[in-house]
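I opened the notebook today to look up one residue and the ligand site, and I put down below what I found for each.

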Amino acid sequence: MKTTATVAGVGVDTRHWIGGRRTGSAATFTDVSPIDERPIAEIARGTGAEVSAAVQAARQAFPGWSATPPAHRAKILNAIADGAERRAEELAQVETCDNGSLLRSHRRGVMPRAAHNFRFFADWLGRLGPGDLEVEGHREQVSWAPSGVTAVITPWNAPLMLATWRIAPALAAGNTVVAKPPEWAPLTASLLADITAEAGLPDGVFNLVQGLGGEAGAPLAAHPDLARVSFTGSVATGRKVAAAAGAQLTPVSLELGGKSPLLVFADADLDLAVRHAVGQYDNAGQVCLAGTRLLVDERVAGDFTARFLERAAALRQGDPRDEATDVGPNITRAHLERVDGFVQRAVAAGARALLGGTANHALGGLYYRPTLLAGAKPGSEILTEEVFGPVLTLQTFTGEDEAVALANSTRYGLAATMFTGDRGRAGRVSARLVAGTVWVNCFFVRDLRAPFGGARLSGIGREGGTWSFDFYGDVKNTVYAPEGWRSDG
Ligand code: NAD
């Protein structure tokens, strides 16, 4: 097979990374850029054999890495962060070509955050001292021991950032990792493998198996020698991964889809609310946390909608490499058609498109116009299922009770965003919302010390700060008898 591709002028090895070596597979699959639907790389198509080899390599590396003093592990993680920062522009360019997300977002936020994930967990490791409790003279000491080989399976919408968010704490905890990157955007994971090697991470501590979900992801999730499975992706795949891991009783962390509400109360700063509402078209709507259901107090709905449409009309859609672009392409043709299917069925069922409602054929490729649908039937598909495209819905409410009822009316519970000028209301409503994260008068801000995860179908578990170590580590309580304990009594 061809073993490298040059994407945006950057050489990327398209093979697996197992035990500190590049290895290919007999078969490959084609990686296509959503910018123009051109093939950009032939990627090794891993199967159970490569997965077994990677898990074996990770098992062999585990005793050494888990016994490495935390300070030394932290030093290597910081070196990985340095490497990711040094190569941030290359990572950004490659990611944009691979998944069509905005280059300017990568430059300003996503790539720095991907690097910071390593720095943060390296730092947190130093603070994760054993917690001491004193109970009736006994001293109870809580510690986090490395747990073993961790599988990390991730999606395409923010490939490097989401992968590092799981890989960094797993490595910091003393685990070894087998990662399975998304087949629709597999390239930056390969660059990460290079960066880990340059940073001095020992062979076998981080392994990468490229491939399709059913062929490489499935045998990985089901592998009996894993200590943890960390999965980010859709609910449908999450169910399969949980079932496979469950059969082995492997603890699993699931970060899944969302259908989050964005509530606008009558006392809100409407300009702020509109700015954030239009901002939900970011990444062409391919954001798990996006507040795609706009719920607006009917007293301000007319004003809000007029301002929203005015602002949205100014959005520039086009090539994601252009700094002036606000909305790029969707990931694949099949996905674009899926997005359109949701919109057409909603319109056929009585919804009205106040904005967009079709693919942007003028641009060719995979662009879908930013769309706002009003008048959808309560409980209908467009109000309850994740579209994962630039499609928002608009509903109105008359008071807090109705706002909360609408907000909670899906099977998801990833996030919620609200705009209100009343702090008391913010607290009351937040307490009633089913969501892992609630933003008040802001969006997408999160410190890595805080927990992240979803309720209901949006996932199982929380990560961030100590929550990450609680998942990746084996938490242990050692109880010491009171001083003066003797065996001859
Ligand atoms: P997906 O579930 O199709 O794929 C995710 C990963 O799972 C890919 O690497 C894929 O190859 C792999 N996979 C597929 N079938 C598998 C199987 N049977 N066993 C093991 N692995 C398998 O999701 P996607 O389309 O890549 O991503 C979009 C979804 O991810 C959306 O639902 C989005 O909301 C969700 N997401 C959630 C978060 C979060 O933090 N909650 C973040 C980003 C994306």
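I began with the contacts of Thr410 in this predicted model, and, leaving aside residues up to four places away in sequence, I found that Thr410 touches Lys259, Arg293, Leu383, Thr384 and Arg456. I then looked up where Thr410 is placed, and it is found in the loop between helix 13 (400-407) and strand 19 (412-413). Is Thr410 buried or exposed? I noted a relative accessible area of 8% for Thr410, which is under the 20% limit, so I entered this residue as buried. I also checked the side chain of Thr410 for polar partners and noted that it reaches the backbone nitrogen of Tyr412 at 3.0 Å.

Next I turned to the ligand, which sits in the second largest pocket. I listed 28 residues surrounding the ligand, and the closest are Lys180, Glu183, Ser234, Leu256 and Glu386. When I asked which elements supply at least two residues each to the shell around the ligand, I found helix 7 (213-221), strand 12 (228-232) and helix 8 (235-247) among them.

For the polar contacts I went through the ligand atoms in turn. A nitrogen atom of the ligand is 2.7 Å from a polar backbone atom of Leu256, a residue that I had already entered among the closest. I found an oxygen atom of the ligand 2.9 Å from a polar side-chain atom of Trp156, and an oxygen atom of the ligand also lies 3.0 Å from an N or O atom in the side chain of Glu255. Last, I looked up the cover, and the protein covers 89% of the 850 Å² of accessible area that the ligand has on its own.

How values were computed:
Residues numbered from 1 in each chain as written. Predicted model: local features only at pLDDT ≥ 70, side-chain atom pairs only at ≥ 80, totals over all residues. Heavy atoms only, no water. Helix = DSSP H or I, 4+ residues; strand = E, 2+ residues; numbered from the N terminus. Buried < 20%, exposed > 50% of the residue type's maximum accessible area, 1.4 Å probe, protein only. Polar contact = N/O pair within 3.5 Å; in protein donor to acceptor, adjacent residues only side chain to side chain. Contact = heavy atoms within 4.5 Å. Near = heavy atom within 4 Å. Areas by Shrake-Rupley, 256 points an atom, 1.4 Å probe, with all protein chains shown as cover. 1 Å grid on protein atoms, 1.4 Å probe; cavity = no way out; pocket = protein on both sides within 12 Å on 5 of 7 lines; lining within 4 Å. Sits in = over half its atoms within 2 Å of the grid points.
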